[in-house]
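Colleague: I would be grateful for a close look at a single part of this model, with its aromatic residues as the starting point. Please set out the surroundings in one connected account.

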Amino acid sequence: MQTNAGATTTYSYAIHLVPAGEPIDAPAMVTITGAQRSRTAYGVNLEWTDARTVVVNYWKADSIHPENAQLRHAHLAGMNLRVVLESAPPDHHAPPGPMPPRH
């Protein structure tokens, strides 16, 4: 989920794992503030590397909360899931600006 508090603030990205179509009713597993995919593209790239692991790639970020990786686990639909954060080289294919909305 991408949020922005106004013109003078940067974007924040809250990572929630929920079943498809369900409302978000729990705190974010990870919040990344000021994440960038390149010099001109804000945001993160998400990739499911297997049925239980989502990797969040970013080039740079101002802050990450919680910093403790042990808190990035969830039990959902009978499965143990985890969020892994990885710093990556700039994504020069990412479109400039904020991440596009998802429906």
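**The tyrosine cluster and its surroundings**

Modeller: Tyr13 is buried, with a relative accessible area of 3%. The model is a predicted one, and every value given here is computed from it. Tyr11 and Tyr42 form an aromatic pair, with 5.3 Å from centre to centre and 55 degrees between the planes. That geometry is classed as tilted, because planes count as stacked under 30 degrees and as edge-to-face over 60. Tyr11 belongs to strand β2 (residues 11-15), whereas Tyr42 sits in the loop between β3 (30-33) and β4 (45-50), so their pairing ties together parts that are 31 residues apart in sequence.

A search of the whole structure returns 2 aromatic pairs. Tyr11 also takes part in a pair with Tyr13: the ring centres are 6.5 Å apart and the planes lie at 35 degrees, so this pair is likewise tilted. Through these ring pairs, Tyr11, Tyr13 and Tyr42 are linked into a cluster. Within the cluster, the burial of Tyr13, at 3% relative accessible area, may be set beside the value for Tyr42, which is partly exposed at 31%. The two residues fall into separate classes because buried means under 20% and exposed means over 50%, with partly exposed in between.

Strand β2 also holds Ser12. Ser12 is buried, its relative accessible area being 17%. The side chain of Ser12 makes a polar contact of 3.3 Å with the side chain of Thr33. Apart from residues up to four places away in sequence, Ser12 touches Met1, Gln2, Thr3, Ile32 and Thr33. Thr33 therefore appears both among the residues that Ser12 touches and as its side-chain polar partner, at a separation within the 3.5 Å limit for such a contact.

Met1, another of the residues touched by Ser12, lies in the segment before β1 (2-4). Together with Val18 and Ile24, Met1 forms a nonpolar patch on the surface, and the three residues have about 250 Å² of accessible area together.

A further site may be described separately. Ala74 is located in strand β7 (residues 73-76). Its C-alpha atom is separated by 9.6 Å from that of His16, although the two residues are 58 residues apart along the chain. When neighbours within four places in sequence are left aside, Ala74 is in contact with Met29, Met79, Asn80 and Leu81.

Conventions:
Residues are numbered from 1 along each chain as its sequence is written. This is a predicted model: local features need pLDDT of at least 70, side-chain atom pairs count only at pLDDT 80 or more; totals for chains, interfaces and linings use all residues. Side-chain values use heavy atoms; hydrogens and water are left out. Helices (H or I, at least four residues) and strands (E, at least two) are DSSP runs, numbered from the N terminus. Contact means heavy atoms within 4.5 Å. Rings of Phe, Tyr and Trp (its six-membered ring) pair if their centres lie within 6.5 Å; planes under 30 degrees apart count as stacked, over 60 as edge-to-face and the rest as tilted. Buried means under 20% relative accessible area, exposed over 50%, partly exposed in between (1.4 Å probe, protein chains only). Patches are made of residues with over 30% relative accessible area and no salt bridge: like charges are joined within 9 Å, nonpolar side chains (Val, Leu, Ile, Met, Phe, Trp, Tyr) within 5 Å. Accessible areas come from the Shrake-Rupley method with a 1.4 Å probe; for residues, only the protein chains shown count as cover. A salt bridge is a side-chain nitrogen of Lys or Arg within 4 Å of a carboxyl oxygen of Asp or Glu. A polar contact is a pair of N or O atoms within 3.5 Å; within protein, one must be able to donate a hydrogen and the other to accept it, and residues adjacent in sequence count only if both atoms are side-chain atoms.
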